Amino acid sequence: MSEDQELTKEQQEAMDKAFARSMPEGLQKVHNEYSNIKKVYGIVSGKGGVGKSLVTSLLAVDAARKGMKTAILDGDITGPSIPKSFGVHQKTYGSDIGIMPAVTRTGIKLMSINLLVDNEEDPVIWRGPVIAGAVQQFWTDVAWGDIDVMFVDMPPGTGDVPLTVFQSLPVDGIIVVTSPQELVEMIVGKAVKMATMMNIPIMGLVENMSYFKCPDCGKTHEIFGSSTVDKVAEKFGISNTARLPIDPKITSLVDSGKIEEIYIEEVDGLYDKIITR
């Protein structure tokens, strides 16, 4: 079957059954009994380096500002950058009710592999099934408490971990993150098709590093080429889009663990569209 061919209903049902059979029974368990999570959104990308973790964090920060009880499940096991952007370095711990998540300065609950390893700079050299199992345990074994909205930062691509999340977590929708370049349509297409096969709605498309606004003259420059977000969104029927700028201030705050001080109007607008949908 070529990449552009659509699956028939029978083919999709057969694939879904195959996915279900290939997964251990434990992957289909519910969350920890001390967790009450109302909404779950996955943040995905077709390839790495587009700012998926940044978008995940900014959406969580925006939700917390609006009074929502917010959580981030960092599923990017081999590239867990989220704790550093929040300035969180303390280790999590286990209790009688489960693993306790870390809590950021503004009250966002966070679980990441970096909060469990001895040295956060050590690489995680695991095979796909082990990584997928770790993400599943973040759902089943962590005592999240009452959460209005959880954002799951997934590794790029369409491999074991995104599949595990789609199959084992009650994902209400995904947000696709990309950057302005010629290959974006094909890359987004892969993520969109996987979500469609899993019957997960696509809530929005974010184009990161979309433009740079000169602080001296105020002129906007599209450094990586003209924006394609509206064209791609129209092709795949995605109604909510956002363009995020290249801004050295954002980089500085993230690197210093102060992402909760960042406000981006486009992220705020996207969040409002998603949460009220």
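Here is a short tour of one pocket and a few salt bridges in this predicted model.

Start with the second largest pocket, which has a volume of about 380 Å³. Select Leu 54, Ile 250, Thr 251, Val 254 and Asp 255: of the 21 lining residues, these lie nearest the centre. Now colour the elements that each supply at least two lining residues: helix 2 (52-65), helix 3 (82-85), strand 9 (202-213), strand 11 (241-245) and helix 8 (248-255). Helix 8 gives the largest share, four residues. Colour by class and you'll get 10 nonpolar, eight polar and three charged residues in the lining.

Next, the salt bridges; the count comes to nine.

Stay with helix 2 and pick Lys 52, which lies in that helix, and Asp 76, in the loop between strand 2 (70-74) and helix 3. Their closest N and O atoms are 3.5 Å apart. Lys 52 is buried at 6% relative accessibility, and Asp 76 is buried too, at 9%.

Hop to strand 11 for Arg 243, which forms a salt bridge with Glu 222 at 3.0 Å between the closest N and O atoms. Glu 222 sits in the loop between strand 10 (220-221) and helix 7 (229-236), so the pair ties together parts 21 residues apart in sequence. Arg 243 is partly exposed at 28%, as is Glu 222 at 36%.

While you're here, select Asp 62, Lys 66, Asp 268 and Asp 272: salt bridges with shared partners join them into one network.

Last stop: Asp 172 and Lys 39, with closest N and O atoms 4.0 Å apart. This salt bridge links distant parts of the chain, 133 residues apart.

Terms used:
Residues are numbered from 1 along each chain as its sequence is written. This is a predicted model: local features need pLDDT of at least 70, side-chain atom pairs count only at pLDDT 80 or more; totals for chains, interfaces and linings use all residues. Side-chain values use heavy atoms; hydrogens and water are left out. On a 1 Å grid over the protein atoms alone, a cavity is a set of points where a 1.4 Å probe fits but cannot get out, and a pocket is an open set with protein on both sides within 12 Å along at least five of seven lines; lining residues have an atom within 4 Å of a point. Grid points are joined across faces, edges and corners, and a volume is the space filled by probe spheres set on the points. Ala, Val, Leu, Ile, Met, Phe, Trp, Tyr, Cys and Pro count as nonpolar, Asp, Glu, Lys and Arg as charged, and the others, Gly among them, as polar. A salt bridge is a side-chain nitrogen of Lys or Arg within 4 Å of a carboxyl oxygen of Asp or Glu. Buried means under 20% relative accessible area, exposed over 50%, partly exposed in between (1.4 Å probe, protein chains only).
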